[in-house]
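Q: I would like a close look at one part of this model. Please take the metal site and then work outward from there.

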Amino acid sequence: MKRRDFMTGAAAGTAAAVAAGSGLAQAQKAPAMMKKRIEMAIVTTWPRDFPGLGTGAQRFAKRLQDMSDGRIKVSYFAAGERVGAFDSFDEVASGNAQAYHAADYYWKGKHPGWAYFTSVPFGLTYTEFNAWIRFGGGQQLWDELAAGFGLKGVMCGNTGVQMGGWFRKEINSPDDLKGLKMRIPGLGGDVMAKLGASPVSLPGGQIYENLVSGAIDATEWVGPWNDEFMKFYEAAKYYYYPGMHEPGSMLSVGLNKKFWDSLSKADQTLVEAAAAMENDVMMAEYNAKNGAALARLTRDQGVQVRKFNDDVYDAFGKAAEEVFAGVVTHSPLAKRIHESFDKARREIGAWSNLADQAFVAQRNRVLGVSS
Ligand code: CA
């Protein structure tokens, strides 16, 4: 805490205790009152109570208030309650609100570097992503990018590997993607565009109506637990995996940087701790609930699960490299972000191959576990 704030807070606390005139009991409460009270408005890109993304953001908001014993008063606004989903960035960058909870790839139109701080095609899984952000230079690059917009980003949730999406027809070759109007944001959308599809970015609350009306032919969203809630199976039966576009989508708390810089070290640590806990809790919830939801979708809703074949995946890979080749020409910062990310996915990826991937494949083979 800055000394000035401490002095002001201490004076106010003492004055309040004296004014209350209630003696020792009040005086003993004084230390808690000395700390600076903070009001924080959080806007988000998620509908209220939306499973996983919305409920995770709401949990973070409540946890931060609880951890500070109510001293940090958090007002939470779901998408549309204060500003529209995609207006969250400007609301916080301008200082109208103190923070957003969102997927930063929604802002790739402002700078392609933002995409790397949610997920990019052929990118990092949850565990790999955390390794890059915390120990591979990712956070420093994110800070540099965000500071250019008056923001500061903190990891706050992850969906894990996402499904490839919902399609009305089978995708047996790259040609089947041509002319497809698909909801798919971020650089994954750019990959689809390279393959002749027409990507659109719609907030979660608007996807179902567009799919049912035929305004879009296909959509990706997250995974079985979230997608079952969205009832996409009513309009498209083919459910493809794995999603090349979002192998471990990280959600962010984006704070107004002036607000962040005004916080004491203790309060910055509270924000980081509340967010780190959600980063862990959200991933656990997705992993716990996706399997059962997948079983319900195939058993009760007639959903046909399909795997993208190697021809389609090779085409995704080639298109992704073309997209990255364009990103690095945007700016020196975009190039540095891509190069750091690419180094991480090769180094950490080599270890994942020998560790998680090799072990899980052998365990499931021996146990006879299959999807
Ligand atoms: Ca998605």
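What spacing do the donors of the calcium ion follow along the chain?

A: In this predicted model, the donors of the calcium ion follow the spacing Q-x57-E-W-x24-E along the chain. The residues in question are Gln-162, Glu-220, Trp-221 and Glu-246. Gln-162 coordinates through OE1, Glu-220 is listed twice with OE, Trp-221 gives its O atom, and Glu-246 gives OE. The distances run from 2.2 to 2.8 Å.

Two of these donors can be placed by accessibility. Glu-220 counts as buried because its relative accessibility is 0%, where buried means under 20%. Trp-221 is also buried, since its relative accessible area is 4%.

Trp-221 leads from the site to the nonpolar core. The largest such core has 107 residues, and Trp-221 is listed among those with the most contacts inside it, along with Tyr-116, Phe-117, Trp-132, Phe-167 and Phe-316. In soluble globular proteins, nonpolar side chains tend to be buried together.

Phe-117 shows what such a core residue touches. Leaving aside neighbours within four places in sequence, Phe-117 is in contact with Trp-132, as well as with Phe-129, Ile-133, Leu-141, Trp-142, Leu-145, Met-250 and Ile-337. Its contacts also include Asp-104, Gly-138 and Ser-252.

Elsewhere, there is a helix pair to note. The axes of H3 (residues 53-67) and H11 (residues 265-300) come within 9 Å and cross at roughly 145°, and the crossing is right-handed. The contact includes Phe-60 and Arg-63 of H3 and Met-277 and Glu-278 of H11. By class, this contact has 13 nonpolar, one polar and four charged residues.

Terms used. Residues are numbered from 1 along each chain as its sequence is written. This is a predicted model: local features need pLDDT of at least 70, side-chain atom pairs count only at pLDDT 80 or more; totals for chains, interfaces and linings use all residues. Side-chain values use heavy atoms; hydrogens and water are left out. Axes are lines fitted to C-alpha atoms, for helices over the stretch in contact, and angles run from 0 to 180 degrees between N-to-C directions. Helices (H or I, at least four residues) and strands (E, at least two) are DSSP runs, numbered from the N terminus. A crossing is left-handed if the near helix is turned anticlockwise from the far one by less than a right angle, and right-handed if clockwise. Contact means heavy atoms within 4.5 Å. Ala, Val, Leu, Ile, Met, Phe, Trp, Tyr, Cys and Pro count as nonpolar, Asp, Glu, Lys and Arg as charged, and the others, Gly among them, as polar. A nonpolar core is a set of buried Ala, Val, Leu, Ile, Met, Phe, Trp, Tyr and Cys residues joined through side-chain atoms within 4.5 Å. Buried means under 20% relative accessible area, exposed over 50%, partly exposed in between (1.4 Å probe, protein chains only). Donors are N, O and S atoms within 2.8 Å of the metal (3.2 Å for Na, K and Ca); water is not among the atoms, so sites may look incomplete.
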